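Colleague: Could you walk me through this model and tell me how each label was earned? I'd like to hear the cut-offs as we go.

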Amino acid sequence: MGNFTLRERANELTELDAAVGDVCAGSSGCLIIKGPAGIGKSRLLWEQQHRAAGRGAQVLSARARELEREYTFGVVRQLFEPLLATADEVDRRELLAGPAEVVGELTRVGSSSTPNEFAIFNGMFWLTSNLCQRGPVVLIIDDLHWADESSLRFLAYLQPRLEDLNVLILAATREAGGAPGRRLLDLILTDSTCDTIAPSPLSYQAAMELLAEGFGVGPDAKFARACYESSGGNPLLLSGLIEALIAEDVQPVSGQAHQVQHVGSQAIARRVSIEMGRLHPESARLAEAVSILGVNANLEYLAQLVNLSHQATAQGVARLTHTGLLRSAIQAGSKELFEFVHPLIGSAIYEQMEVSQRLAWHSNAARLLSGAGHREEEVAAHLLRLPTPSGEQISTLHTAAKHAASQGSPQDAQLFLQHALTAEMAPAERLSILAEEVSVSAQVNMPMAMDSLDCAFALTQDPWTRARLLSSMGIGMVFAGYTEKAITMLTATIDELPLEADDARRELEAAIVWVPLLSVGQPELAHRIERLRQLPPSESLGAALLESVIAMHEAMAGDSRGLDRARRALQIPGLLEAGATGSSAAVGSTYTVLLGDLNEGIALYRKDIEQARNNGSLVTLTHAHQHIGSGWLRCGELSEAEAELREASRLHKITSLGIPQEFCAAMQAEIYLEQGRIRESREVLEELPLPKPLPTTGLWYFPMQARAMLHRVRGEFTNGLSDALAAGERFTALGGANPALCAWRSEAALCLHALGRTREAQDYAAAEVESARGWGASYALGRALRVAGLVTPGGSGLDLLRDAVRVLHKTPARLEYAKALVDLGAALRRSNSRVEARPHLSTGMDLALKCGASPTVERATAELRAAGARPRRFVISGPGSLTPSEQRVADLATQGLSNRQIAQNLFITAKTVEVHLTAIYRKLGVLGRRELRIALNKTEHADRR
């Protein structure tokens, strides 16, 4: 059954052959076959698996299964575990070299090690890369629509990094529908690396040929048409229909055409039912056992589940294989596995089982796998099929949830915990499980987390327990729209805590005073901060979290006390670790420092990134990349900023919790504007339309300010002014006044000036200068002074521009300094001080060129010509021209590390290292690493002098 030929699939095979040929020639890619069940996707994959192996590629294969979606990294394990299980000690050591070592722990049954999700993804990438060192690799995945979410996330993580590999991802999928992994599957399918094939239904002529082959005689036209319409030209459905019709002795004549619709509506199920009825009872039971065991269907487990001898089991499986129901699947060590030739057959057998039998075998399978030492997630996946767990099953589900959560699969953890909660248990045990369910649900489904929180609160009046429950929810309650409820629950719990609960109280206070930073209309909470400022000093983590949020409030308001407060909080042990593991409150200190001192803030975020990679989460890592990207933007390191924000955006797409996309989109749009990529800036902002009316929660002032900049650059000054004022209104409503965070007054001033409303422009610019002086960040003050100089005529304007140049001269904000120099030079040129203007314009142009800021370079060039100078052609060269990423690569290269070792150290691809080294050699005028070491040593000695 199901052994239909590859009829009318020449085009698909040609395209598949070409993709395999490309990877065998050294390239990489992703090709996915899309289509309904039975269209022939699996047959094409099976054919290509043999062809790829015949061309020298290493082929790793997996098939996702509907009943195994809860296996954390289930598909990834199918791909890699057989490889690692059969490798000798030397091969295993080579495959698991470097960061790939953590995959050995992930795939080792019974391992107590639980690496964090980034380490797992990074390790799997390097395992794939290590495998590619041996030659081309083809990863074949059937039924991708049923894949577990953690495996889908890994594929989405892998796709942007394919350039570094010699690998082809070859998969088949149906439409995901409402599947849990639909968002991730869509992300994979729409990635720029992904091509798709959509096999068409068979033609009527091909269907006629299949009917003639099946019946041994050409069918009547009416009968053939009925068969074709009933199957829709689907090869498997037509094949099953033919076999079902033959089994029921229906002849291919016009008078029997009415039987086709009756049989065809359930052709596969009817054919399976007939085939099962013909089988020896032991074989039929074995087929049912395969549908239960899925990926673990080997002879040993089948024999135990059905209670047969090994010999009888082998004979029964052989009969099933002979009938075309089963086939030998992947090899795992020395155990041969078996699977149905098509998932529809397995589904039909599973659905035809008596419910009581099905439940009993799932229960037995859980015991079998548990006794054999399988991972708790595999055991728990069977327990999910039972109506209600009991006894040890609750404990298994609980442990499986912990493992799933630790490996970055909160969705699976949530399923396990929710099923455990359907059981009868003591209130204390229920409360313990609810507490964990609240924490993981807050990462997946906030409405569900809030329901669980209500249930937990109903079980306890203990304020300590309630405090722990609320702290696990984080500020996500506010982002999910539960602002009022969050405030009520936090306030009540704070009031209930005893005096000795100072640390817990401060942690909850930190959560509650986060609210007015994110949600408008909460002035009473802002007033609460003044009282909290008066609390006595404490070295506890709760105190550090509260100080961190207060510092952020002060930073928003432009109160310079916030910077010192943030620095003090960062000295308290545990705050950085809390930030790395996802504490929202801890972010306040690091971001405040970034707003006050770019160099110091970037150094802190580099530590955050390192810590998150070691023991944090992808969500935390995403936030860190996003914020350090904004810091590099303020420094004028545009390529560096773009790389960090691109990584933040990539990680955001595969995380269970999102970052505020309005922030990330705004920063990306601003980078593109500085680079002169106006179309791309517009596209980024259009992908994030501003809702009307705006939600009460969110950082919407960032994209509104970016839109104002875009309008101004395009000469749409009225629209630019409108957006700038709207950004200011939203920012002010959240207590904002600091231009280091949102320079809306500068944007408004520039638009007003362009519209001829100079007096108003000067008022806005002067107000921004005053606010910037109050905060004290040099880059923000320099920008405010520059804008004030632009909108102020005459000598006063020149004085303001000179002040801007003076303030920015020794700051890391190279692009803002370049703009100030160019604006000053242009103003001097207009005042007929051409000789004085030229060095300012020349230096500004050089700096802007190094920053990659094309519009500023073009403006400086035009002004130099207008000043009577002939702009020289600048070549970006010398050690000072290296970007921070290039500098890090250069430093490691001079230490003797290979490209792969550098890539592993910096968590980038070897291809990226190669690109950086090419740029480094060009900028320094060297040919290789030996000359690079000499050039950098000369620079270091010159710096010392």
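Modeller: Let's begin with helix 19: the elements that cover its buried residues include helix 14 (281-293), helix 18 (355-371), helix 20 (392-406) and helix 21 (410-420). This is a predicted model, where local features need pLDDT of at least 70 and side-chain atom pairs count only at pLDDT 80 or more, while totals for chains, interfaces and linings use all residues. Residues are numbered from 1 along each chain as its sequence is written, and side-chain values use heavy atoms, with hydrogens and water left out.

Colleague: What makes helix 19 mostly covered?

Modeller: Of the 8 residues in helix 19 (376-383), 7 are buried. Buried means under 20% relative accessible area, exposed means over 50%, and partly exposed is in between, with a 1.4 Å probe and protein chains only. The buried ones are Glu377, Glu378, Val379, Ala380, Ala381, His382 and Leu383. As for the numbering, helices (H or I, at least four residues) and strands (E, at least two) are DSSP runs counted from the N terminus.

Colleague: Why is Trp146 called buried?

Modeller: Its relative accessible area is 10%, and the limit is under 20%, so Trp146 is buried. Trp146 sits in the loop between strand 3 (137-142) and helix 7 (149-158).

Colleague: Which residues is Trp146 in contact with, leaving aside neighbours within four places in sequence?

Modeller: They are Ala64, Arg65, Glu66, Arg69, Arg174 and Pro343, where contact means heavy atoms within 4.5 Å. Arg65 is 81 residues away along the chain, yet its C-alpha atom and that of Trp146 are separated by 5.6 Å.

Colleague: And Trp46, why does that one count as partly exposed?

Modeller: Trp46 has 37% relative accessibility, which falls in between the two limits, so the label is partly exposed. Trp46 belongs to helix 2 (residues 41-54).

Colleague: How do you know that helix 39 is roughly antiparallel to helix 40?

Modeller: Helix 39 (residues 717-733) and helix 40 (residues 744-754) pack at about 155 degrees, with axes 8 Å apart. That makes the pair roughly antiparallel: angles under 35 degrees count as roughly parallel, over 145 as roughly antiparallel, 65 to 115 as roughly perpendicular, and the rest as oblique. The axes are lines fitted to C-alpha atoms, for helices over the stretch in contact, and angles run from 0 to 180 degrees between N-to-C directions.

Colleague: Which residues meet between helix 39 and helix 40?

Modeller: On the helix 39 side they include Phe717, Leu721, Leu725 and Phe731, and on the helix 40 side Trp744, Cys751 and Leu752 are among them. By class, this contact of helix 39 with helix 40 has 11 nonpolar, 3 polar and 1 charged residues. Ala, Val, Leu, Ile, Met, Phe, Trp, Tyr, Cys and Pro count as nonpolar, Asp, Glu, Lys and Arg as charged, and the others, Gly among them, as polar.

Colleague: What makes helix 35 and helix 36 roughly antiparallel?

Modeller: Helix 35 (residues 638-654) and helix 36 (residues 661-675) pack at an angle of about 150 degrees, their axes 10 Å apart. That angle is over the limit, so helix 35 and helix 36 are roughly antiparallel to each other. The contact of helix 35 with helix 36 divides into 8 nonpolar, 6 polar and 3 charged residues.

Colleague: Which residues touch the most other members of the largest nonpolar core?

Modeller: Leu453 and Tyr701 do, in a core of 277 residues. Helix 27 (residues 502-518) gives the most to this core, with 10 residues. A nonpolar core is a set of buried Ala, Val, Leu, Ile, Met, Phe, Trp, Tyr and Cys residues joined through side-chain atoms within 4.5 Å. Not counting residues up to four places away in sequence, Leu453 touches Val438, Leu469, Leu470, Met473, Met477 and Met489. Another core, of 21 residues, lies apart from that one, and includes Leu202 and Val260.

Colleague: Lastly, why is Asn307 called exposed, whereas Glu8 is partly exposed?

Modeller: Asn307 has a relative accessible area of 68%, over the upper limit, so it is exposed. Glu8 has 41%, which lies in between, so Glu8 is partly exposed. Neither is a glycine, but phi is positive at about 65 degrees for Asn307 and about 60 degrees for Glu8.
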